[in-house]
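Reader: I am new to this structure. Please take me through one part of it closely, the place where two chains meet.

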Amino acid sequence: MKKFAIVAAVAGFGLLAPVSQAHHSNAMFDTSREVTMRGMVREFQWTNPHAYIQMVVTGADGREVEWSMEMGAPMYLYARGWRPRTLRPGSIINVRAHPLRSGEPGGVVVDVTDADGKAIGTNQ
Amino acid sequence: MRWAAIAALALAGTIAPASAQEPMDQTARTQVFAELPYWPGYWVSEYTIGTTIGGAAPALAEARERGDTSFFRNFMSLNGGGASWNEEGRARMAEVRATAQGRKADGWGFPMMMNAATPIVFAITPELVIITNSYGETRHIYTDGRPMPDELDMWPTVYGTSVGRWEGDTLVIETRMVTTPSDFFHGAPPYSEDAVYEERLRLEGDRLVGDYTVTDPARLSEPFHTQVSWLRDEGFDRMIQIDWDNDRTSFDGEFNTIEALAVED
């Protein structure tokens with residue numbers, strides 16, 4: 001019990017990242033939930049330590065909100081078939097993601113499809 | 001005062017200018033080269049094989065669902081979570097934890113780059129082994145027989161100073177003069193600058209295996225032993241160096257979060 005508590009505490013402090021292999025803990029994301037956001041790519045940040053899809057999503061009230069969708073490091077995206085220009089500004093995409101626990105407009109990407117629902121890149 | 005002491009030592013002949021090792025005869029070097037192990041490929045920590053585009057490692061997710069915490073032994077085990085910290089070490093660990101939330105970083109540093117979310121490559125030559133990752137982080141391990149620089153030459157850096165030797169097909173590396181790793185990366189252990197790191201790396205079938213021993217009386221009550229293993233993952237065809245220039249880690253008071261858009265509109 002004590003050992004488990006120590007492990008949990010360390011993981012919570014981000015010294016260990018139990019599921020994500022990112023440079024930070026993935027505790028910020030609610031992996032029990034999935035959301036699918038449809039929107040327009042504003043920028044595809046092909047950057048270390050994480051790539052981000054900046055996408056503008058129009059809500060039911062007509063208000064535009066920019067979401068930050070986190071991905072892994074570019075080398076891993078590359079290994080899974082992604083390229084720096086896989087997503088181009090202005091294109092419409094659907095992103096399935098685990099949302100931020102905070103409720104802020106962001107999440108970690110599960111997969112991405114184009115406007116017609118066709119897979120973009122791969123996740124393998 | 002310090003310069004006066006150095007000048008006095010120089011006059012006494014105790015300071016020798018740094019000199020390059022004598023280059024090897026070309027023919028002899030070719031023969032030595034032919035006998036060396038060859039570890040081609042892009043190596044990733046064993047439990048991070050198949051990492052998804054979201055940065056999740058399937059093996060870790062599966063282990064989590066099983067409630068199996070044994071994967072910690074390999075996955076980022078170099079962070080020292082299993083080490084026996086002394087009083088000073090525990091205090092340093094507590095300090096690192098207390099300040100880790102939302103903290104940004106510039107890279108992994110040593111030792112974490114050997115255990116991190118980036119493939120590494122090994123370039124093996126008779127006199128030097130270079131280990132590098134896709135974050136532009138590089139280690140130079142001199143295998144030309146030179147000794148570790150003198151204590152007077154203490155020059156702590158993020159990646160330390162390494163000398164190595166081959167024991168059969170095992171590369172034995174001693175690394176010293178590493179700045180406190182947690183000063184560079186919040187997920188790294190707070191070893192002192194006097195810590196000594198020994199690595200024993202060898203190929204076992206298709207796995208590359210490394211036994212690690214960290215000796216640091218200033219922070220550890222006993223040497224820390226752990227093992228890391230690597231496999232070749234699919235999809236990598238070249239090593240691309242990319243700056244660590246977009247760390248958007250932030251903290252919302254309860255959890256880490258993604259910093260608001262960092263680019264100019």
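Author: Start with the polar contacts. In this predicted model, 14 residue pairs are in polar contact between chain B and chain A, both residues of each pair being at pLDDT 80 or more. Which elements of chain B supply at least two residues each to the side that touches chain A? They are α3 (58–66), α4 (87–100) and β11 (256–258). The largest share comes from α4(B), with four residues. Next, sort that side of chain B by residue type. It has 27 nonpolar residues, 17 polar and 12 charged.

Now the salt bridges. The count between chain B and chain A is one. Its partners are Asp233(B) and Arg80(A). Their closest N and O atoms lie 2.9 Å apart.

Then the whole interface. In chain B, 56 residues are in contact with chain A, where 51 residues take part. The size of an interface is often given as the accessible area lost when the parts come together. Here the two chains, B and A, bury about 4700 Å² between them. Carbon and sulfur atoms carry 61% of that area.

Last, a look at some strands within chain B. Strand β9 of chain B covers residues 224–232. It runs antiparallel to β8(B), joined by seven bridges. One of the pairings sets Thr213(B) against His225(B) in β9(B). On β7(B), residues 196–204, strand β8(B), residues 207–215, pairs antiparallel over nine bridges. Glu199(B) stands opposite Tyr212(B) there. Two residues separate β7(B) from β8(B) in a hairpin. In its turn, Gly205(B) has a positive phi of about 65°.

Notes: Residues numbered from 1 in each chain as written. Chains lettered and ligands numbered in written order. Predicted model: local features only at pLDDT ≥ 70, side-chain atom pairs only at ≥ 80, totals over all residues. Heavy atoms only, no water. Contact = heavy atoms within 4.5 Å. Buried area = accessible area lost by both parts, 1.4 Å probe. Salt bridge = Lys/Arg side-chain N within 4 Å of Asp/Glu carboxyl O. Polar contact = N/O pair within 3.5 Å; in protein donor to acceptor, adjacent residues only side chain to side chain. Nonpolar A, V, L, I, M, F, W, Y, C, P; charged D, E, K, R; others polar. Pairing = 2+ DSSP bridges.
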